[in-house]
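I opened this entry to record what I looked up in the structure, residue by residue and then for the protein as a whole.

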Amino acid sequence: MLYNLCIVRKESNGKVIRAFSMILQFSLFLLVPICGLSALGYFLDRHFGTKWIMIVLFFIGAVAGFQNIFRFAMSIMADKKDSDTSHESSGDSEK
């Protein structure tokens, strides 16, 4: 009984850690392009004496970040579909 309870706890802790790592990846995939291109735009604006390069690069970074998130979400969904079909096919072979 106690052994089964420990197994359930370990599985639920693994799910929490996996979910937390996905949230961290989503935020990094969005923030890194935005912050990086905004910083580059700020540097270029100061170097050339302009005021519009940072705004343009910010929006390019936002588009790139959302594209990264979309690709990551699609890969997660594809992995989930593959694992679901592999579990179904292995369950059929056991019968």
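Phe26. I looked up the exposure of Phe26 in this predicted model and found a relative accessible area of 25%. Phe26 is therefore partly exposed, since the class of buried residues ends at 20% and that of exposed residues begins over 50%.

Aromatic pairs. I then asked how many aromatic pairs the rule gives. The count comes to three. In one of them, the rings of Phe26 and Phe72 meet edge-to-face, at 5.1 Å centre to centre and with 75° between the planes. Phe26 belongs to helix α1 and Phe72 to helix α2 (residues 53-94), so this pair ties together parts that are 46 residues apart in sequence. For Phe72 I noted a relative accessible area of 15%, so this residue counts as buried. I also noted the pair of Phe58 and Phe59: the ring centres are 5.4 Å apart and the planes stand at 80°, which means that this pair is edge-to-face. Phe58 is partly exposed, at 34% relative accessibility. Which residues do ring pairs link into a cluster? I recorded Phe26, Phe29 and Phe72.

Ser38. I placed Ser38 in helix α1, which covers residues 2-48. Is Ser38 buried or exposed? Its relative accessible area is 11%, so Ser38 is buried. Leaving aside residues up to four places away in sequence, I found that Ser38 touches Met54 and Phe58.

Asp45. I found Asp45 in helix α1 as well. Asp45 is buried but has no salt bridge. I looked for the nearest side chain of opposite charge, and this is Arg46, 9.3 Å away. A salt bridge would require a side-chain nitrogen within 4 Å of a carboxyl oxygen. With residues up to four places away in sequence left out, Asp45 touches Thr50, Lys51, Trp52, Ile53 and Met54. Met54 thus appears in my notes on both Ser38 and Asp45.

Whole protein. I closed with the totals. The protein has two helices and zero strands. Of its 95 residues, 13% count as buried; I had already entered Ser38, Phe72 and Asp45 as buried. Among contacts with a separation of 6 or more, 58% come from residues 24 or more positions apart. The accessible surface amounts to about 7,900 Å², and carbon and sulfur atoms hold 70% of this area.

How values were computed:
Residues are numbered from 1 along each chain as its sequence is written. Side-chain values use heavy atoms; hydrogens and water are left out. Helices (H or I, at least four residues) and strands (E, at least two) are DSSP runs, numbered from the N terminus. Buried means under 20% relative accessible area, exposed over 50%, partly exposed in between (1.4 Å probe, protein chains only). Contact means heavy atoms within 4.5 Å. Accessible areas come from the Shrake-Rupley method with a 1.4 Å probe; for residues, only the protein chains shown count as cover. Rings of Phe, Tyr and Trp (its six-membered ring) pair if their centres lie within 6.5 Å; planes under 30 degrees apart count as stacked, over 60 as edge-to-face and the rest as tilted. Lys and Arg count as positive and Asp and Glu as negative; His and the chain ends are not counted.
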